Amino acid sequence: MCDLTNEIFTNETAAREYLEANRWEDGPFCPHCGETEKVQRLNGEKHRPGLHQCNSCRKQFTVTVGTLFERSKVPLNKWLLATHLLSSSKKGMSTHQLHRMLGVTYKTAWFMTHRIREAMKDNRPGPMGGGGKIVEADETYIGSTGWVFTHGRWHKKRGTGDAKAIVSLVERDGRARSFHVDRVNSKTIRNVLVTNVSRESDLMTDEAQFYKRVGEEFKGHQSVNHTRKPNNSAPAASVLASK
Ligand SMILES: [Zn+2]
């Protein structure tokens, strides 16, 4: 499944059939009540492709119900590609790279990344990262006031309003953790970082001021510019500071 031109990454129907074959190895089951027998596929023009009917609880469902892909306007093939890229890329994948590769807005790429990372969430105790390992930290704001559209693209609005903030930490091999914080500032960011990440790690963040000081407590710190102009042929991310 490493071939990125694979149909399941480019075609929505192929993506759905792939997910059905994998999730429903022993046949479809109802995600609402668990029924495995009295389940039927609804064919025909008037039904959404992949729609099923449970004759036990009378509810309808598709294969995405109960997965991280449900209730999204993003085509399933893009979800599969994003999940594949985020979980298999050796060096990891930034939201910015994903935004470019999937052809979705940065905002959409961020929410996809966040949802996928939540699903891959690491519950093992102990610090993330370590010698020679990169840990990426990023923050976002949930709520309508969290984003502003200026200079032709979306930007995160920092530390204002009542938006809820989430700080995400991602180790470049798939381990990920997210934290709600009341507000994002040097103190809350530092608290999340030093209690979760080994100081032997290389830290990768955006250019926000509140990462500068705590960055010095780690073995290395690189900050990446997320707001580079679109259609720039230069690399997606510019490394602005590194030790
Ligand atoms: Zn049911």
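## A walk through the model, starting at Lys 78

Let's begin with Lys 78, which is partly exposed with a relative accessible area of 24%; here buried means under 20% relative accessible area, exposed means over 50%, and partly exposed lies in between, using a 1.4 Å probe and protein chains only. You are looking at a predicted model, in which local features need pLDDT of at least 70 and side-chain atom pairs count only at pLDDT 80 or more, while totals for chains, interfaces and linings use all residues. Residues are numbered from 1 along each chain as its sequence is written, and side-chain values use heavy atoms, with hydrogens and water left out.

Lys 78 sits in helix H3. Helices (H or I, at least four residues) and strands (E, at least two) are DSSP runs numbered from the N terminus. Setting aside its neighbours within four places in sequence, Lys 78 is in contact with Leu 102, Gly 103, Val 104 and Met 112, where contact means heavy atoms within 4.5 Å. Phe 9 is 69 residues from Lys 78 along the chain, yet their C-alpha atoms are separated by 6.1 Å.

Stepping back to the whole protein chain, you will find 7 helices and 11 strands. Of its 243 residues, 44% are buried. Among contacts with a separation of 6 or more, 53% join residues 24 or more positions apart.

Helix H3 also leads us to the largest pocket, whose volume is about 470 Å³. Its lining has 19 residues, and those closest to the pocket centre are Glu 12, Arg 48, Thr 62, Thr 64 and Ser 72. Helix H2 (12-23), strand S3 (60-61) and helix H3 (76-88) are the elements that give two or more residues to this lining, and H2 provides the largest share, with 3 residues. By type, the lining divides into 8 nonpolar, 5 polar and 6 charged residues. In that count Ala, Val, Leu, Ile, Met, Phe, Trp, Tyr, Cys and Pro are nonpolar, Asp, Glu, Lys and Arg are charged, and the others, Gly among them, are polar.

How is such a pocket found? On a 1 Å grid over the protein atoms alone, a pocket is an open set of points with protein on both sides within 12 Å along at least five of seven lines, whereas a cavity is a set where a 1.4 Å probe fits but cannot get out; lining residues have an atom within 4 Å of a point. Grid points are joined across faces, edges and corners, and the volume is the space filled by probe spheres set on the points.

Two loops deserve a look at their backbone angles. Arg 58, in the loop between S2 and S3, has a positive phi of about 70° although it is not a glycine, and at 56% relative accessibility it counts as exposed. Arg 71 is found in the loop between S3 and H3; its phi is positive too, near 50°, and Arg 71 is exposed at 74%.

As for cysteines, Cys 30 is buried at 1%, while Cys 33 is partly exposed at 41%. The structure holds 0 disulfides, a disulfide being a pair of cysteine sulfur atoms within 2.5 Å.

Finally, a word on confidence. The mean pLDDT (the predictor's confidence in each residue, from 0 to 100) of the protein chain is 80, and 77% of its residues reach 70 or more. Among the elements, strand S2 (residues 52-54) has the highest mean, 96, and strand S11 (residues 239-241) the lowest, 28. Over residues 228-243 the pLDDT is below 50, and this stretch has 32 contacts in the model beyond near neighbours in sequence.
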